[in-house]
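Biologist: I'm new to reading structures, so could you pick one part of this one and take me through it slowly? After that, please show me what else is worth a look in the rest of the chain.

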Amino acid sequence: MTEIPEHLRKRAEAARQKAAEKKAAEAGAESAAPEASAAGEPAGGGKIPAHLLERSRAAKARTAGTGAAAEAGAPTAAAAAAVATAAPPPAATGPGGHTQRLLTVVKAGSIQDVKATPQDKVHVWPHLLAVEFVAALAITAFTLLFSIFVDAPLLELANVNQTPNPSKAPWYFLGLQELLTMFHPMVAGVTIPGMGIFLLILAPFMDRNPSNKPEDRKFAISLFTVQMMFWAVLVIIGSFFRGPGFNFVAPWTEGLHFEL
């Protein structure tokens, strides 16, 4: 067996490698041809130049894009025209569905001439007189019903030949009768009661505090309390501590000389 020289062996390997590369290139060209025919290329093979094929593809692409755009734009224009003809006139609506808009806020003082300032006072009529009229009706009804079921404590018919001893005035006049036993009739019947009534008349002018709290009306409350206590003491003395001859007596020893 003869040995192959080294340079011949390398030449043979190079020839086989070149043949394999050529075969692979031919196989790639054959696989690209079916793909080109599937994409719509004319089956002209190598008869049509490559630049003409590219120009033809570009023209077809432009034509296809324009047609698609025209087809897509036609329904939109038709829909817009339909909406324009069928839609109602636009309504001016704001947030929350309001159909009106507030342009600005104008203060009341700028458009109204306020001539009277607000006061914390009310008129006598009807605010006070209506309440007093209702109260008078209620008191009258109560008195009427009370007089129907309870008899008045009247005494027997007066005997002009016999004066009762002690002779006392009704309870609401016993204070004045008590004063008549102590002072001159002019002082007891005119001066002292007149001074009391005059002080009551001046009370609203001396105490002008509008507060309704008792702690803020000390002067008015003190004046009223003094007069009430003064008259109450006189009535109690005339009712329970005056006996025959209108003299002082002790009710726990002499008994009561008082009748309503």
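Modeller: Let's start with what a bend is: take the seven residues ending at a given residue and the seven starting there, fit an axis to each set, and the angle between the two axes is the bend at that residue. Keep in mind throughout that this is a predicted model.

Now go to helix H6, residues 185-206. At Leu200, H6 bends by about 25°. Look a little further along and you'll find a proline, Pro204, which follows within four residues. What about the span from end to end? At 1.5 Å a residue, the 22 residues of H6 should span 32 Å, and the end C-alpha atoms are 30 Å apart, so the two values agree.

Next, see which way H6 faces. Ala188, Gly196 and Ala203 are buried in this helix. The buried residues of H6 pack against two neighbours, H5 and H7.

Those neighbours lead us to a salt bridge. Arg242 pairs with Glu178, and their closest N and O atoms are 2.6 Å apart. This pair links distant parts of the chain: Glu178 lies in H5 (residues 174-180), while Arg242 sits in the loop between H7 (218-240) and H8 (251-254), 64 residues away. Are these two buried or exposed? Both Arg242 and Glu178 are buried.

Stay in that loop between H7 and H8 and you'll meet Phe246. Its phi is near 55°, a positive value in a residue other than glycine. Most residues other than glycine have a negative phi, so a positive one is worth a pause. Phe246 has a relative accessibility of 13%, which is under 20%, so this residue counts as buried.

How many salt bridges turn up in the whole structure? The search finds 5. The basic idea is simple: side chains of opposite charge can pair when their charged atoms come close. One of the pairs is Glu13 with Arg9, at 2.9 Å from N to O. Both belong to H1 (residues 6-38), and they are 4 residues apart, about one turn of the helix. Glu6 joins in too, as Glu6, Arg9 and Glu13 are linked in a network of salt bridges. Glu13 has a relative accessible area of 37%, so it is partly exposed. Arg9 is also at 37%, and it counts as partly exposed.

Over in H2 (residues 50-86), Glu54 and Arg57 are 3 residues apart, again about one turn of the helix. They form a salt bridge, with the closest N and O atoms 2.9 Å apart. Glu54 is partly exposed at 48% relative accessibility, and Arg57 is partly exposed at 33%.

Last stop: the backbone around two prolines. Which form does the peptide bond from Trp125 to Pro126 take, cis or trans? It is cis, with omega near 10°. Pro126 is found in H4 (residues 124-149). The bond from Asn165 to Pro166 is cis as well, with omega near 0°, and Pro166 is in the loop between H4 and H5. Most peptide bonds are trans, so cis ones are handy to spot when you trace a backbone.

If you want to retrace the tour, go back to Leu200, where H6 bends, and then follow the helix packing out to H5 and H7.

Methods: Residues numbered from 1 in each chain as written. Predicted model: local features only at pLDDT ≥ 70, side-chain atom pairs only at ≥ 80, totals over all residues. Heavy atoms only, no water. Salt bridge = Lys/Arg side-chain N within 4 Å of Asp/Glu carboxyl O. Buried < 20%, exposed > 50% of the residue type's maximum accessible area, 1.4 Å probe, protein only. Expected span 1.5 Å × (residues − 1). Contact = heavy atoms within 4.5 Å.
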